[in-house]
Amino acid sequence: MLFKELQTDRLLLKNISSDDREFIFSQFSDNVVNRYLFDAEPLINVQGADNIIEFYLQPEPRLQHRWVLVRKEDGIRIGTCGFHCWNMNDNTCDVGYDLKEIYWGKGYMAEAMETIISFAYEQMNLKKINACIYVDNGRSIKLAEKLGFKFNGETQMVSFRGKVYEHKIFTLDLGIL
Ligand SMILES: CC(C)(COP(=O)(O)OP(=O)(O)OC[C@H]1O[C@@H](n2cnc3c(N)ncnc32)[C@H](O)[C@@H]1OP(=O)(O)O)[C@@H](O)C(=O)NCCC(=O)NCCS
């Protein structure tokens, strides 16, 4: 099994499982968390959470993985992060991350991301990680840049509910770490 649980100073990065359905529902039905996520409608029931969990629990080898961020001090689930669209031919992958708003501004996601980036380098042999970020999602852009991601010049137009949203692709080049 490639994908395993990870730890940081303050967090346990546990593999997503069916135990997380209530949390995943609460996270992806939340308007604040969803504000700049234009790839899916907010969840309206726990069946939607089950579908997400099932996607991330397909048997390995699979092209996606999601960790749930659990705070060590109290066992509270505070967010998720992970990989999708792993291209094993060119060793690239997309990353995604989300925290409940009350946990923003405390460095939790930077801490989690540093750990999964090391995992990507050492265990997945990734050369590049891409983050597709809506242009107004300032917190996400700041986080990505702090981690060493750079705007690679590519933009992507994402259509959602009849509107088009411009995203920028930020790339972390693991070859120059
Ligand atoms: C994107 C998102 C995860 C960023 O969260 P965040 O809290 O800003 O990021 P971090 O957890 O890395 O925290 C960094 C902040 O914590 C502060 N901080 C506090 N203590 C810290 C510590 N010990 N270490 C590092 N940073 C610390 C930093 O100064 C920074 O604050 P600032 O932005 O006010 O300057 C969050 O906004 C989110 O979940 N958004 C909704 C979902 C989303 O849009 N996801 C991305 C889609 S592309």
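Is Leu 11 buried or exposed, and what is its relative accessible area? These close-ups take up that question along with the ligand and the strands beside it, all in a predicted model.

**View 1. Leu 11 and its place in strand β2.** Leu 11 belongs to β2, the strand that covers residues 11-15. Leu 11 counts as buried because its relative accessible area is 0%, and the cut-off for buried is under 20%. If you would like a distance to try in your viewer, go from Leu 11 to Arg 77: their C-alpha atoms lie 9.5 Å apart, although 66 residues separate the two in sequence.

**View 2. The ligand and the residues around it.** The ligand has 20 residues around it, and those that come nearest are Tyr 97, Leu 99, Gly 105, Met 109 and Lys 142. By residue class, the shell around the ligand holds eleven nonpolar, five charged and four polar residues.

**View 3. Polar contacts of the ligand.** Here we look at oxygen atoms of the ligand. Polar backbone atoms take part at two residues: one at Gly 105 is 2.7 Å from a ligand oxygen, and one at Met 109 is 2.7 Å from a ligand oxygen. At Trp 104 the side chain takes part instead, with an N or O atom 3.4 Å from an oxygen of the ligand. On its own the ligand has 950 Å² of accessible area, and the protein covers 73% of that.

**View 4. The elements that build the shell.** Two or more residues of the shell around the ligand come from each of β5 (92-99), α4 (108-122), β6 (128-134) and α5 (138-146). Which of them gives the most? That is α5, with five residues.

**View 5. The β5-α4-β6 unit.** Three of these shell elements also belong together in the fold: β5, α4 and β6 form a β-α-β unit that is right-handed. The strands β5 and β6 run parallel and are joined by three bridges. To find one residue pair, start at Cys 93 and look for its bridge partner in β6, Ile 129.

**View 6. Strand β6 and its other neighbour, β8.** How many of the seven residues of β6 are buried? Five are, which leaves this strand mostly covered. β6 also pairs with β8 (residues 163-173), this time in the antiparallel sense and over seven bridges. Ile 129 comes up again here, since its bridge partner in β8 is Leu 172. When you follow the side chains, keep in mind that in a regular strand they alternate between the two faces of the sheet.

Notes:
Residues are numbered from 1 along each chain as its sequence is written. This is a predicted model: local features need pLDDT of at least 70, side-chain atom pairs count only at pLDDT 80 or more; totals for chains, interfaces and linings use all residues. Side-chain values use heavy atoms; hydrogens and water are left out. A residue is near a molecule or strand if one of its heavy atoms lies within 4 Å of it. A polar contact is a pair of N or O atoms within 3.5 Å; within protein, one must be able to donate a hydrogen and the other to accept it, and residues adjacent in sequence count only if both atoms are side-chain atoms. Accessible areas come from the Shrake-Rupley method with a 1.4 Å probe; for residues, only the protein chains shown count as cover. Helices (H or I, at least four residues) and strands (E, at least two) are DSSP runs, numbered from the N terminus. Ala, Val, Leu, Ile, Met, Phe, Trp, Tyr, Cys and Pro count as nonpolar, Asp, Glu, Lys and Arg as charged, and the others, Gly among them, as polar. Buried means under 20% relative accessible area, exposed over 50%, partly exposed in between (1.4 Å probe, protein chains only). Two strands pair if DSSP finds at least two bridges between them. A crossover is right-handed if, with the strands pointing away from the viewer, the path from the first strand over the helix to the second runs clockwise.
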